[in-house]
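Hello,

As promised, here is the structure I have been going through. Have a look at it first, and then read on for what turned up.

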Amino acid sequence: MKKTTEPDSQRRGRPCIALLCAGFALGSLAFARKTPPQAGSLEETGNSFVSGEPLAHWLVLEGVDGRGRRPFRADRVLARHLLDPAATLPRVGDELTGERGSSAWTLAEANAEGHVSVRGRGGYAHAVLEVPTARVVLARLEGATTLFVGGTPAVGDVYGYGQEGVGVRLQAGTNALFVTGVRGSFRLTLVDVESPLSISSAGLLAPDRTVLGPTTVVLGLTVHNLSLGPQLGLSLAARGAGVLPTVGEPFELQPLESRRVPFAVALGEAVPGSDEATVVELELRQRRAPAISARASITVPHRSAAGLHRRTFVSAIDGSAQEFVLLPPDPAAPELADTDGEPRLLLSLHGASVHAWNQGASYAATRDLWIAVPTNRRPFGFDWQDQGRLDAYEVLARALETSGVARTHVVLSGHSMGGHGTWHLGANDPDGFAALGPSAGWRSFDTYGGRPEGELRELWHGADAASDTEALLTNLRQLPTYILHSDQDESVPVAEALAMHELLSEVDAEVEVELHVEEGKGHWWDGPAPGADCLTWPPLLDFLREHTIPVAPRSIAFRTVDPGVDAVHHWLRVEQLERYGEAADVKATWKIGADGIDRIHVHSENLRAWTLLPPALTPGREVELRWNGAVLDGTGATALATVTGGRRIEGLAEGEKRPTLCGPLKRAFDRRFVLVVPQPRTADDPTLERARYDAGVWRYRGNGHAPILTDEQVLRRPEQVRGRNVILYGNADTNAAWELLVPATCPLRVESGRVTLDGATFSGRGVGALFVHPRADDDEALVAVLAGADDVHERLVTTLAPFVSGVGYPDFVVFDAEVLTAGDGGVRAAGWFDATWRPVRAR
């Protein structure tokens, strides 16, 4: 029986929901308005506000600047019309010239469904909107990444996830709107709101209930603050038939902040007769408020743990609620021949736009395979890189705990984007999987789609070197691999599979590599075998069953391009590199001598410090260590395992780089990170707007939870950020938490009007910096500083891409507004911190 689809109610929004909100008046705080646009700038295409009606009249501009996976990209529209609140607005016929040539603004009308077409990547649309009275509305932007309202950025629903929208402020009179990041066409609808607080009707997350007795389930939901003031003393509460009264942790929301909130709810015995589901009634409460602020209901389906089902958990990355799908073995499935009888755990990675449930439903249960399907955080997510890779490992840990499968019996497979994920995880963790089974997978961004060139290409790629599959062939050549593809694949060319097979099949290949190209089939294909054959091809599954991870091999060899991604290989851990941003190669042998002395010889390139791990480090046994031919002092002292500078040491010096405390910049978006902003001056304070947009992008791309706190909140209760990475906005003059979080010894400092880097001073329009460093008050956590020396800098950074896979930022970058016209030419300084956090400039 084929199991390849999921009902629309499960695939799109998940459980049904009812939403009730109390009436309200907009926030009572007074906030400054943006400078209004010039009257008559777009008479031909003006729009009048009608709640719930798509805007119909627009100007559009074909993209004149490239986009793609680049850390700094030119954007002439933002430079001319959005960077300065008093800038002129476009008119019909106005021309812009950029990297890709010239284009002029032209009139465009929405079609009958409200959609507006925009040609070219990097294109823009612009409209003006007349509003009789100031108000907050829900902005629902479909088919594009970003909406600007009076210069304030808001995140759109580019992938069509069905998001409800985000709160934006409209001023009385004329409002200037811009839309960019369009995937062919977009639709913008603005909807009046009825309450300052609401629970979103979209994106409710619930697991399947697999036990009818008392249990706890983790739910996920989005809460909106649709007012111009902060909302304090909030908490979620749950009740309902079979639901034990539960109240969640208190939280606060900044003006116009939307947040994904995890909520663990206790369930009692299932109500008799409720065989299909438990309904949880949710309430959003506010301390001292006379009434419930918002209500919703979420359905928790009942499913057998013996079949395909969903599970949820709280992620250590950001404290959000995440899900995965699990398919256990079926004892009634056909018996298997030529297997060792041991169960395997197959970690299965889905393709772009595919929901985890659909991926799991495309498998038929077998006697010996546990199938675990993570989400990549979203159907598009992170291409199984960055936080998508971390999500896979979080799910793997939970699936191992549930299944009891031995860690040596984990195998990895995936289709399309998941095939790329299989290459990516395998290349960066060659001792983590027994075998690989990529299906219709592409190698890397550099072979599939490409990444733009630029002056600093090598630096940016060095910050994202884990993306380069071919550079990690040393690792892949030790992994048994079955490559599956079809010769008529219309999405991923079969050349991707053929190239990888050739690279892995060279004469020095250490393990078995097989290739099957199915003739006459496209990207997704099926056949008579149970399940979808492009995933469950019987020879592929049989191949995966044949292998286990080697235990304590006597010879190891591997390459790491980033110790924060891959530091451990069997019994050796890379602690520090000599030169960050470059690969380190390690070969080591372990010989057990008859004289009771273990002899371990390590040969390396670009290695500064490493640690010997069990079982190679065995209590009671003497160890002789040689590193690059030299015998290390202290031979025989087994208690000292870390090696640097030609000698063994007790451990790394406090505060030095290590795999859990290092760059590059993206590393900070982990450890339940929190965004810290200066106390807002107004609801449209540029620094708050920037943090709110970043939090919105994280919520959208990563189904993530990124709380925003003010510096005053952190200084008043520093324990709420203890042990967490902090993303710090503003600068040393504007953010009162700077001195608490950024060490005085940090070689980078941003103040109003200037940036200093190790004695050099940078100034100019829009100057600012990105950098990552250990926190001053917590030597186990990082602070990532996203700092502007002026308000112009805060407006230009919507072009940055910290949550886009394939984009790398090194440990520090200083840049200014020139990036909007010159790309890498606007980067003033950039590079890496060494192992002691001293800057090494590449520019």
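**The second largest pocket**

Let me begin with a helix: helix 4 contributes 5 residues to the lining of the second largest pocket, the most of any element. Please keep in mind throughout that this is a predicted model. Helix 4 covers residues 387-403, and together with helix 5 (417-427) it belongs to the elements that each supply at least two lining residues.

How big is the volume of this second largest pocket? It comes to about 950 Å³. The pocket is lined by 45 residues, and those closest to its centre are Arg389, Leu390, Gly564, Val565 and Arg667. Sorted by class, the lining holds 20 nonpolar, 11 polar and 14 charged residues.

**The protein as a whole**

Now for a step back. The protein has 15 helices and 49 strands. Its radius of gyration is 27 Å, close to the 28 Å that the globule rule gives for 843 residues, so the protein is as compact as a globular protein of that length. If you turn the model along its principal axes, the C-alpha trace spans about 90 × 70 × 55 Å. Of the 843 residues, 60% are buried.

**Enclosed space**

Besides the pocket, there are cavities to look at. Rolling a probe the size of a water molecule over the atoms shows where empty space is left. How many cavities of 30 Å³ or more does the structure hold? There are 6 of them.

The second largest cavity has a volume of about 180 Å³. Its lining is made up of 19 residues, with Gln163, Glu164, Gly165, Val166 and Arg699 closest to the centre. Strand 9 (135-149), strand 14 (215-225) and helix 11 (686-702) each provide at least two lining residues. Among the contributors, strand 9 gives the most, with 4 residues. By class, the lining of this cavity divides into 6 nonpolar, 8 polar and 5 charged residues.

**Strand 15 and its partners**

Strand 15 is a good place to follow the pairing in detail. In strand 15, 7 of the 9 residues are buried, so this strand is largely enclosed by the rest of the structure.

Which residues does strand 15 meet in its partner strands? Here they are, partner by partner.

- Strand 15 (residues 231-239) pairs with strand 19 (residues 277-286) in the antiparallel sense, over 6 bridges. Ala237 has Glu283 of strand 19 as its bridge partner, and Leu234 has Gln286 in that strand.
- Strand 17 (residues 251-253) runs antiparallel to strand 15 and is joined to it by 2 bridges. Here Gln231 stands opposite Leu253.
- Strand 16 (residues 246-247) is also antiparallel to strand 15, again with 2 bridges. Ala237 stands opposite Val247 of strand 16. In the hairpin of these two strands, 6 residues lie between them, and Gly240 takes a positive phi near 130°.

Strand 19 has a further pairing, with strand 20 (residues 294-301): the two are antiparallel and share 8 bridges. In that pair, Leu282 stands opposite Ala296 of strand 20.

**Two open sheets**

Further along the chain, 8 strands form an open sheet with mixed pairing, in the order 40-39-41-46-45-47-48-49. Strand 40 (708-710) and strand 49 (839-841) stand at its edges with a single partner strand each, so one side of each is left without a neighbour in the sheet. On average, neighbouring strands in this sheet are turned by 25° against each other, direction ignored. At one of these edges, strand 48 (residues 827-833) pairs with strand 49 in the antiparallel sense over 3 bridges, and Trp832 has Val840 as its bridge partner.

There is also an open sheet of 3 strands, in the order 42-43-44, with antiparallel pairing. Its edge strands are strand 42 (748-751) and strand 44 (760-762), each pairing on one side only. The twist in this sheet averages 15° from one strand to the next. Strand 42 and strand 43 (residues 754-757) are held in antiparallel pairing over 4 bridges, one partnership being that of Val750 with Val755 in strand 43.

Happy exploring, and do write back with any questions.

Best wishes

Methods. Residues are numbered from 1 along each chain as its sequence is written. This is a predicted model: local features need pLDDT of at least 70, side-chain atom pairs count only at pLDDT 80 or more; totals for chains, interfaces and linings use all residues. Side-chain values use heavy atoms; hydrogens and water are left out. On a 1 Å grid over the protein atoms alone, a cavity is a set of points where a 1.4 Å probe fits but cannot get out, and a pocket is an open set with protein on both sides within 12 Å along at least five of seven lines; lining residues have an atom within 4 Å of a point. Grid points are joined across faces, edges and corners, and a volume is the space filled by probe spheres set on the points. Ala, Val, Leu, Ile, Met, Phe, Trp, Tyr, Cys and Pro count as nonpolar, Asp, Glu, Lys and Arg as charged, and the others, Gly among them, as polar. Two strands pair if DSSP finds at least two bridges between them. Axes are lines fitted to C-alpha atoms, for helices over the stretch in contact, and angles run from 0 to 180 degrees between N-to-C directions. The radius of gyration is taken over C-alpha atoms; the globule rule is 2.2 Å times the number of residues to the power 0.38. Buried means under 20% relative accessible area, exposed over 50%, partly exposed in between (1.4 Å probe, protein chains only).
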